[in-house]
Amino acid sequence: MLTKPFKLILFLSIAVAAIITSCTKSDVITDPTSTILNLPASVFNYANISLPVYLTTAPALNEINTPGSNQITDNAATLGRVLFYDKNLSVNNSIACASCHKQAFGFSDSALLSKGFAGGLTARNSMSLTNARYYPDGKFFWDERAATLEFQTLQPIQNHVEMGMILDSLVKKLSALSYYPSLFQKAFGDASVTSDRISKALSQFVRSIISYQSKYDDGRSSLAANQNPAAIDFPNFTAQENRGKQLFFSPQLACAACHGTETFTALEPKNNGLDIISTDAGVGGITNITAQNALFKVSSLKNIELTAPFMHDGRFATLEQVVEHYNSGIKPNVNLAPELKDPNGNPKQMNLSVADKGALVAFLKTLTDQKLITDEKYSNPFVVK
Ligand code: HEC
Ligand code: HEC
């Protein structure tokens, strides 16, 4: 038997639940998005962001991996934003893309390995999504096993650790949610939900995440077109930051041999002399650091200050440790890049002074783009987060 006060509580909670359900229902009929999503009346601009000239002309222009079949539109990127933050993409409604790619951390994760829908851990450190569009071979993941971003964006959804979904079930599930028909309609011309459209919209949102408003960008933009940013001190930099920039672009350190494009990436995967004994569990136990020749994608260094821990296995907690790796910790490897070898073919010893190591870290911090990580158009649009 239930006691009287207990019965009352039970009755009240049923009544409250009934009221909430009926309110949500009627709101859904009048405006499917208002109670669930906080989207602007006119869409944000994703397609025509006004970028500095060095990101819209060669060589950066030729590094863009957007396929002709998936040009960015504001409406499809908006759908991509909603999908990116929607936990319904996981089998038990617990994980969204954004759970492992957090805006505040430059769209990466502060955890060494990220937790999936059932608490299992990913095999590698989550990657920053900043500037993903500027990578000419268009391959994704640390070992570049995804040939395109459109292919990549469906992988975490189906991954047994990450989101655990089957695409057919996802399509049915999303079709039944009140807010998707109108979003798909606006994005693609009709309300039908397909996995191809999910992949396209997610890819558009990811490709719209471009960093161009860091302290570095301010300095870069202040130079004349014929001035080389590697060779000229930036007027808005401190002496320490300019020293760090000089070191970064110097042939002696050769950071720019691999992080040398306008978005601080390399054009192909490289080996940077990490010790092969690592926490790297490989992917699904199939690949490991030796099986893939220890070559890893060099993702953009933009916002690097925010994306700790560092490297594919998250082995370094701080930028100081990263710099010390290059200074004194480079290990031999058959694929070690020539830029990191001394004239005898051995791993380079850089012998940097304490001041120079500090300057390099100070320079890396000029790549932080506060505007990108606080811009509402990349933020969680769900009313209940
Ligand atoms: C459980 C955590 C987790 C979830 C959920 C997740 N990711 Fe990731 N993501 C990762 C990890 C870890 C990597 C690196 C994996 C690797 O290389 O093996 C990664 C890599 C990526 C990359 C590759 C970036 C590059 O430069 O190569 C993209 C793009 C990406 N994720 C997008 C997404 C999207 C879109 C979603 C949602 C559909 C998503 N992720 C969901 C953890 C996650
Ligand atoms: C031979 C190419 C190469 C050179 C030279 C090089 N790097 Fe790297 N860098 C890489 C690769 C490859 C990775 C990713 C490696 C991995 O995770 O296994 C990386 C990763 C990093 C990361 C961490 C990125 C992340 O998302 O976790 C930082 C920071 C970094 N490098 C800074 C530097 C600095 C500073 C220098 C110069 C002292 C430098 N690099 C020189 C290839 C290079």
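This report walks through the surroundings of the two ligands in the structure above.

The model is predicted, so local features need pLDDT of at least 70, side-chain atom pairs count only at pLDDT 80 or more, and totals for chains, interfaces and linings use all residues. Residues are numbered from 1 along each chain as its sequence is written, chains are lettered from A and ligands numbered from 1 in the order in which they are written, and side-chain values use heavy atoms, with hydrogens and water left out.

**Ligand 2**

Let's start with the iron atom of ligand 2. Its protein donors (N, O and S atoms within 2.8 Å of the metal, or 3.2 Å for Na, K and Ca; water is not among the atoms, so sites may look incomplete) are H259 through NE2 and Y326 through OH, lying 1.9 to 2.0 Å from the iron atom. H259 lies in the loop between α11 and α12 while Y326 belongs to helix α12, so the pair ties together parts that are 67 residues apart in sequence. The site has six donor atoms with angles of 87 to 179° and is octahedral (six donors, opposite ones over 155 degrees apart and all others between 65 and 115).

Around ligand 2 there are 22 residues, each with a heavy atom within 4 Å of the ligand; C255, C258, H259, H312 and Y326 are the closest. Helix α12 (helices are DSSP runs of H or I, at least four residues, numbered from the N terminus) gives the most to this shell, with three residues.

**Ligand 1**

Ligand 1 is surrounded by 28 residues, of which C97, C100, H101, F141 and W142 come nearest. At least two shell residues come from each of α3 (97-100), α4 (149-152) and α5 (155-158).

**Polar contacts**

The table lists polar contacts of both ligands, meaning pairs of N or O atoms within 3.5 Å.

| Residue | Polar atom of the residue | Ligand atom | Distance |
|---|---|---|---|
| N272 | side chain | nitrogen, ligand 2 | 3.4 Å |
| M311 | backbone | oxygen, ligand 2 | 2.7 Å |
| Y326 | side chain | nitrogen, ligand 2 | 2.7 Å |
| F141 | backbone | oxygen, ligand 1 | 2.7 Å |
| W142 | backbone | oxygen, ligand 1 | 2.9 Å |
| Q152 | side chain | nitrogen, ligand 1 | 3.3 Å |

Y326 thus appears both in this table and as an iron donor.

Note on methods: A polar contact is a pair of N or O atoms within 3.5 Å; within protein, one must be able to donate a hydrogen and the other to accept it, and residues adjacent in sequence count only if both atoms are side-chain atoms. Four donors count as tetrahedral if all angles lie between 85 and 135 degrees; four count as square planar and six as octahedral if opposite donors are over 155 degrees apart and all others between 65 and 115; anything else is irregular.
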